[in-house]
Amino acid sequence: MSKIKVGVIGASGFVGAELTKILLNHPDVEITGLSSMNHVGKPLSEVYPAFTGQYDLNFNNNATVIEQADVLFLCLPHGESENLVKQCMDQSKKVIDVGADFRLKDLDLYKEWYGVDVEFPALHEQAVYGLSEMNREEIKRTKLVANPGCYPTSILLGLYPAISNKLVAPGSLIIDAKSGVTGAGKALSEGTNYALKNEGFNAYKVATHRHTPEIEEKLKLMGAGETKVSFVPHLLPANRGILSTMYVDILDGIDAKSIQNIYENWYEDEPFVTVLKAGKLPDISHVQHSNQCQIGLTIDKRTNRLIIVSVIDNMQKGAAGQAVQNFNLMLGIDEIKGLSMVAPSF
Ligand SMILES: NC(=O)C1=CN([C@@H]2O[C@H](COP(=O)(O)OP(=O)(O)OC[C@H]3O[C@@H](n4cnc5c(N)ncnc54)[C@H](OP(=O)(O)O)[C@@H]3O)[C@@H](O)[C@H]2O)C=CC1
Ligand SMILES: CC(=O)N[C@@H](CCC(=O)OP(=O)(O)O)C(=O)O
């Protein structure tokens with residue numbers, strides 16, 4: 001079988017580099033181009049010396065990379081993708097957009113939270129939200145995937161069985177999440193400066209983070225109805241990983257064992273989601289560098305709350321790994337191909 005020609009737009013960024021690393025080990029892929037804005041003409045190894053002596057390719061411009069590939073991954077800042085996706089689709093390419101431009105179906109909400117005007121609404125209608133475990137069949141049929149945000153991936157996977165099986169009263173949910181600093185991308189601002197953040201730990205964008213409408217919109221599709229979430233992200237002094245904790249009121253009459261069983265059965269056949277045995281809790285170090293999500297459940301009998309703890313690697317299941325999972329689905333390839341299943345980090 002001839003290899004699939006793949007280009008990475010914005011390969012000079014953290015997610016683009018992580019994707020390039022994954023794609024290099026994907027047996028069905030030939031990387032035909034890597035693009036950047038400020039590094040065109042320079043080799044990948046100059047920006048990421050880890051590639052030295054292993055693999056190299058000069059960064060090219062977007063138009064050339066699009067032309068030479070059949071499938072494009074876009075790893076760009078918000079608002080930069082829409083135009084380029086239009087160019088890709090006009091040339092009949094398949095696209096996985098890792099940024100936020102196509103995640104929200106409600107375009108008024110998108111404008112409100114991102115401050116970006118939509119130029120091509122029909123493209124937004126076409127896009128399928130790429131939470132692989134939720135929309136697998138639609139992803140297989142689409143030409144445009146909107147890869148989910150990193151926080152929403154961990155949160156939605158954690159809540160999916162409880163919401164879909166109506167185990168909890170969605171009402172208003174409390175979500176408390178922590179992300180490693182790679183979540184902020186390569187262009188480190190003062191907010192993620194090592195000297196300022198190492199040994200520190202802070203909440204940010206409390207109840208104002210742009211992932212809030214994405215979480216609410218997708219929870220509704222899972223059956224939650226009109227739900228509001230109080231979402232509080234924190235910056236963790238670690239490179240990678242997201243740990244999200246969700247607190248939800250259990251509906252009367254549902255016991256701990258049933259909830260545990262429903263979760264375990266729901267994800268039984270999922271290669272990238274594991275529900276831990278009762279009493280066990282996940283740790284970001286158990287999923288770093290892999291495409292895994294691990295979920296631990298606790299029933300707080302005193303308050304009648306289900307407390308769900310969900311962990312992922314923001315660069316893998318939260319971005320590049322899930323993007324390749326969606327690529328495999330779109331191209332009819334085994335879903336796990338090229339993806340790291342287990343990657344102990346210690
Ligand atoms: N980091 C994470 O954990 C996650 C990130 N995402 C999303 O993925 C996207 C990329 O994030 P991340 O890699 O972290 O960000 P980075 O800031 O690390 O990288 C963005 C890259 O985009 C390139 N770029 C910007 N504009 C253009 C353009 N017009 N054409 C070509 N290249 C361009 C820049 O290239 P250059 O420097 O060469 O100009 C830069 O290297 C964002 O939308 C982000 O929100 C999603 C989930 C998780
Ligand atoms: C730690 C940190 O700063 N994280 C980023 C979110 C990660 C990200 O890149 O957002 P998308 O998934 O929407 O693309 C933030 O809070 O803005």
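**A first walk around the model**

Hi everyone, let's begin at ligand 1: by class, the shell around it has 13 nonpolar, 17 polar and two charged residues. Please keep in mind that this is a predicted model.

Who sits in that shell? Of the 32 residues around ligand 1, Gly13, Met37, Gly99, Gly185 and Lys186 come nearest. Two elements give two or more residues each, namely helix H1, residues 14-24, and helix H12. H1 gives the most, with three residues.

Now over to ligand 2. Its surroundings are made up of Gly99, Ala100, Gly149, Cys150, Ser179, Gly183, Ala184, Pro233 and Leu235. By class, this shell has five nonpolar and four polar residues, and no charged ones. You may recognise Gly99, which is among the residues around ligand 2 and is also one of those that come nearest to ligand 1.

Let me hold on to Cys150 for a moment, as it takes us to a helix pair. Helix H8 covers residues 150-164 and helix H12 covers residues 316-331; the two pack at an angle of about 95°, and their axes are 8 Å apart. So H8 is roughly perpendicular to H12. On the H8 side, the contact is made by Cys150, Thr153 and Ser154, while H12 brings Lys317, Gly318, Ala319 and Gln322. Sorted by class, the residues of this contact are two nonpolar, four polar and one charged.

Next, have a look at Ile312, in strand E13, which covers residues 305-312. Is Ile312 buried or exposed? Ile312 counts as buried, because it has 36 C-beta neighbours inside 10 Å, and the cut-off for buried is 20 or more. Setting aside neighbours within four places in sequence, Ile312 is in contact with Thr153, Ser154, Ile242, Val287, Cys293, Lys317 and Gly318. Four of those names should sound familiar: Thr153 and Ser154 of H8, and Lys317 and Gly318 of H12, take part in the helix contact. Ile312 and Ser244 are 68 residues apart in sequence, yet their C-alpha atoms are 8.9 Å apart in space.

Finally, let's step back to the whole protein. There are 12 helices and 13 strands, and 46% of the 346 residues count as buried. Among contacts with a separation of 6 or more, 70% come from residues 24 or more positions apart. Along its principal axes, the C-alpha trace spans about 60 × 45 × 40 Å. The radius of gyration is 20 Å, which agrees with the value near 20 Å for a compact globule with 346 residues.

Thanks for listening!

Key:
Residues numbered from 1 in each chain as written. Chains lettered and ligands numbered in written order. Predicted model: local features only at pLDDT ≥ 70, side-chain atom pairs only at ≥ 80, totals over all residues. Axes fitted to C-alpha atoms, helices over the stretch in contact; angles between N-to-C directions. Helix = DSSP H or I, 4+ residues; strand = E, 2+ residues; numbered from the N terminus. Parallel < 35°, antiparallel > 145°, perpendicular 65-115°, else oblique. Contact = placed C-beta atoms within 7 Å. Nonpolar A, V, L, I, M, F, W, Y, C, P; charged D, E, K, R; others polar. Near = placed C-beta within 6 Å. Rg over C-alpha atoms; globule rule 2.2 N^0.38 Å. Buried ≥ 20, exposed ≤ 12 C-beta atoms within 10 Å, placed from the backbone.
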